[in-house]
Structures are given as structure tokens and as C-alpha cells.
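Good morning, colleagues. Please have the sequence and the model open in front of you while I speak.

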Amino acid sequence: MKKTFIIVGIILVVLLLIYRFFSHTYNNMVSMDEGVKSAWSKVEIVYQRRLDLIPNLVNTVQGVANFEKSTLTQVIEARAKATQVTIDPSKMTEQNMQQFQEAQGRVSSTLSRLLVTVEQYPQLKATESFKELQSQLEGSENRIATERRNFNEVAQAYNTYIRSFPKNFLASMYGFQQKPYFTADREASKAPQVKFP
């Protein structure tokens with residue numbers, strides 16, 4: 001009788017330990033997954049902030065006579081396409097992350113061209129509204145870089161956790177998937193060409 005209680009006690013302790021391991025691991029995965037979703041929402045917020053500034057920038061620039069309409073059209077089209085590319089953070093893949101980055105990269109590229117074109121219009125550069133918008137865009141770009149970095153750090157911690165042994169088996173069983181990272185823009189890898197006359 002005493003042996004039976006000891007065996008039952010050992011079995012209960014082992015079952016309790018297994019339960020605690022499974023529940024603790026699952027709860028950590030849920031918590032880290034929510035952290036990734038939260039980091040992603042911050043990324044979306046800063047990108048949206050930049051997109052929201054574009055109509056004001058376009059309106060300010062349109063007021064200048066003879067401004068290049070094609071540049072404005074490109075900015076407007078890039079913004080429209082970027083607003084159509086969204087990602088559900090629970091279903092992130094390399095492919096949809098790449099599409100998101102490409103859409104946002106087009107916005108960055110067209111904004112850069114717009115700002116270069118503005119250099120030819122000193123009267124526009126001198127207006128307070130344009131200076132303010134340019135400052136806000138620069139601030140947005142800094143926030144975007146910060147939130148992208150933060151997202152990658154949170155995603156890396158999550159990915160490392162769900163891929164480590166034996167959690168990788170539990171992650172697979174529970175349906176937790178790796179999250180993609182932001183990568184450097186393709187243009188960033190190309191060295192600028194400096195030409196002297």
C-alpha cells in the first residue's frame with residue numbers, strides 16, 4: 001500500500017512537471033508572438049504617418065508653377081500602391097514581407113526624387129510649410145528605421161525561442177511559425193558612383 005502511494009506520488013509529480021513545461025513553453029510562445037504583433041503594429045504606424053504626410057507635401061508642391069507633374073504623379077501612385085499592401089502579423093511570410101518592403105521602398109524612392117526636384121525651386125524650399133513637411137518626413141524616416149530595427153530584434157528573439165530544442169517540436173505542434181525580418185533595401189547595397197568632371 002505504501003509503495004502504491006509512492007508510485008502514484010511520483011507519477012503525479014512527473015505529470016505536473018510535464019504539464020508545467022508544456023504550459024510554460026506555450027505561454028512564452030504566445031507572449032513572444034504577441035510581442036511580434038505589437039512591434040509590427042508600431043512599424044505600420046510609422047509607415048502610415050509617412051503616408052499621411054504625402055498628400056500635404058503634394059499639395060504644397062503643386063502650388064508652385066511649372067513643377068514637374070510626372071514626379072508628383074509617381075509619388076501619388078507609389079503612395080496608393082503602398083496603402084494596398086498590408087500584412088496580417090499572424091500570417092507573415094517572406095513573400096508578403098518582401099511585397100510590403102518593395103511597396104514602401106517605391107514610396108521612399110519617389111519621395112527622394114521629389115525632394116531632389118524641389119532643389120530646383122528655391123522659392124518652394126523657402127516656404128515654412130515645405131520646411132515643416134520636410135522636417136516631419138525626415139523624422140518619419142528616422143522613426144521607420146528605429147521601428148524596423150525593434151521589430152527585427154523582437155522577431156529574432158521569438159524565432160530563436162521557437163527554433164531551440166525541444167521547443168521547436170512544441171512550436172510545430174502548436175502551429176507557431178517563424179517571422180520574417182526586414183532586410184536592407186536593395187539600393188542600399190549599391191555603392192554610389194562618384195564622377196569627377
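Phe182 is buried, since its relative accessible area is 6%, and the cut-off for that term is under 20%. Please bear in mind throughout that this is a predicted model.

Which ring lies edge-to-face with that of Phe182? The partner is Phe100: the two ring centres are 6.5 Å apart and the planes stand at 65°, so the pair is edge-to-face. This pair joins distant parts of the chain, with Phe100 in helix 3, residues 94-118, and Phe182 in the segment after helix 6, 82 residues apart. Phe100 and Phe182 are both buried.

The aromatic pairs in this model come to eleven by count. One of them brings Phe182 together with Trp40; here the ring centres are 5.8 Å apart and the planes are at 20°, so this pair is stacked. Again the link spans distant parts of the chain, for Trp40 belongs to helix 1 and Phe182 to the segment after helix 6, 142 residues apart. Trp40 counts as buried because its relative accessibility is 0%. Taken together, ring pairs connect Trp40, Tyr47, Phe100, Phe151 and Phe182 into a cluster.

I turn now to the helices, beginning with helix 1, residues 2-62, and helix 6, residues 167-174. Their axes come within 11 Å and cross at roughly 70°. Helix 1 and helix 6 are therefore roughly perpendicular to each other, and their crossing is right-handed. On the helix 1 side, the residues that meet helix 6 are Phe21, Phe22, Thr25, Tyr26 and Met29. On the helix 6 side, they are Lys167, Leu170, Ala171, Met173 and Tyr174. Sorted by class, this contact of helix 1 with helix 6 contains eight nonpolar residues, one polar and one charged.

Just before helix 6 there is a point of backbone geometry. Most peptide bonds are trans. The bond that joins Phe165 and Pro166, however, is cis, with omega at about -5°. Pro166 sits in the loop between helix 5 and helix 6.

How do helix 1 and helix 5 run, parallel or antiparallel? Their axes come within 9 Å and cross at roughly 165°. Since an angle over 145 degrees counts as roughly antiparallel, helix 1 is roughly antiparallel to helix 5. Helix 1 passes helix 5 in a left-handed crossing. By class, the contact between these two helices holds 22 nonpolar, nine polar and eight charged residues.

Ser140 is a residue of helix 5, which covers residues 128-163. Is Ser140 buried or exposed? It is buried, because its relative accessible area is 1%. Beyond residues up to four places away in sequence, Ser140 touches Arg49, Arg50 and Leu53.

Arg50 also appears among the contacts of my last residue, Val107, which is found in helix 3. Val107 counts as buried because its relative accessibility is 0%. Setting aside neighbours within four places in sequence, Val107 is in contact with Arg50, Leu51, Ile54, Ala78, Arg79 and Ala82. For Val107 and Ala82, which are 25 residues apart along the chain, the C-alpha atoms are separated by 7.2 Å.

To close, I would return to Phe182, a buried residue that belongs to the cluster linked by ring pairs. Thank you for your attention.

Key
Residues numbered from 1 in each chain as written. Predicted model: local features only at pLDDT ≥ 70, side-chain atom pairs only at ≥ 80, totals over all residues. Heavy atoms only, no water. Helix = DSSP H or I, 4+ residues; strand = E, 2+ residues; numbered from the N terminus. Buried < 20%, exposed > 50% of the residue type's maximum accessible area, 1.4 Å probe, protein only. Contact = heavy atoms within 4.5 Å. Axes fitted to C-alpha atoms, helices over the stretch in contact; angles between N-to-C directions. Parallel < 35°, antiparallel > 145°, perpendicular 65-115°, else oblique. Left-handed = near helix turned anticlockwise from the far one by under 90°. Nonpolar A, V, L, I, M, F, W, Y, C, P; charged D, E, K, R; others polar. Phe/Tyr/Trp six-rings, centres within 6.5 Å; stacked < 30°, edge-to-face > 60°.
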